[in-house]
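Subject: Structure handover

Hi,

Here is the structure for you to load. My notes on it follow below.

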Amino acid sequence: MEIIIRPTSLEGSLLAARIVARTVREKPHAVLGFATGSTPLVLYQELARLHREKGLDFGSVAAFNLDEYIGLPVDHPASFHHYMRRNLFEHLNIRPEHVHIPDGLAADIPAACRKYEDEIRSAGGIDVQILGIGTNGHIGFNEPSSSLASRTRIKTLTRQTRLDNAADFGGVENVPPHVITMGLGTILESRMCLLLAFGAKKAEAVSRMVEGPVTASLPASVLQLHPRSVIVLDREAAADLERAEYYEWTNSQKPEWQKY
Ligand code: F6R
């Protein structure tokens, strides 16, 4: 794992945007995996700015989102379809037919999940998968106890996750219990996993992900098995890491060609 600690979430977000922008410049047909939530918002604003001001071209890029609630209309303000349109896609020149988000309204959920996996495969696999982390260590909506080999499927949210997302729904009782999420096995097949975590409330999950054992009890720890996972943190999210000094030293010693 490559652990990058930046003083602020803004600096971490800008660094992540440079990684994504470089991927798109080097590979115009790049396949990007997107997350929702509060963590990637500034990264998405920066991608929109790079498109607007620097001509970063998303015309051939394909997008796959990690997850979606089951049963929410796509124009519901808390749906991830709505989030992605408002926070990213309407600010880019990405083609609507290149955008993929799990279909939480599908009549046959298992068939929709299999189709999603097929679409990722047909697109050539995901080049960079952007990830956040839940306070309980989930990535996507792979809650604790998810199989480390899981594929896209239905999951039931934990009470903790429903509480974390309650504000989007005006109360925990309105948060849908079920979601479709890419599995941990699906995520691990991405060529790069780019996880962002900011703020003190992520510090415990981050230290268990990076320095704890690989366990389904902390699903993000599976990224230890990925050959190219880049973890971008602010100082608050890095506060519980025992080897923080080593990670910072490693970064300061990077040869020029390895810098982002
Ligand atoms: C969202 C997702 C989740 C979030 C995580 C962190 O698509 O897959 O894993 O990344 O719950 O959410 P925030 O960023 O709101 O703290």
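Searching the whole structure turns up 15 salt bridges. Keep in mind that this is a predicted model. One salt bridge joins the side chains of R49 and E46, with 2.9 Å from N to O. Why can these two residues meet? Both belong to helix α2, residues 41–54, and they are three residues apart, so about one helical turn separates R49 from E46. Side chains of opposite charge can pair when their charged atoms come close.

Now the ligand. Which pocket does the ligand take up? The ligand fills the space of the largest pocket. There are 13 residues around the ligand, and T39, D67, H138, G140 and K202 come nearest. Sorted by class, this shell holds eight polar, three nonpolar and two charged residues.

Three polar contacts are worth loading into your viewer:

- D67: a polar side-chain atom lies 2.7 Å from an oxygen atom of the ligand.
- H138: an N or O atom of the side chain is 2.7 Å from a ligand oxygen.
- G140: here a polar backbone atom is 2.7 Å from an oxygen atom of the ligand.

How much of the ligand does the protein bury? On its own, the ligand exposes 410 Å², and the protein buries 90% of that.

Best wishes

Methods: Residues numbered from 1 in each chain as written. Predicted model: local features only at pLDDT ≥ 70, side-chain atom pairs only at ≥ 80, totals over all residues. Heavy atoms only, no water. Near = heavy atom within 4 Å. Polar contact = N/O pair within 3.5 Å; in protein donor to acceptor, adjacent residues only side chain to side chain. Areas by Shrake-Rupley, 256 points an atom, 1.4 Å probe, with all protein chains shown as cover. 1 Å grid on protein atoms, 1.4 Å probe; cavity = no way out; pocket = protein on both sides within 12 Å on 5 of 7 lines; lining within 4 Å. Sits in = over half its atoms within 2 Å of the grid points. Nonpolar A, V, L, I, M, F, W, Y, C, P; charged D, E, K, R; others polar. Salt bridge = Lys/Arg side-chain N within 4 Å of Asp/Glu carboxyl O. Helix = DSSP H or I, 4+ residues; strand = E, 2+ residues; numbered from the N terminus.
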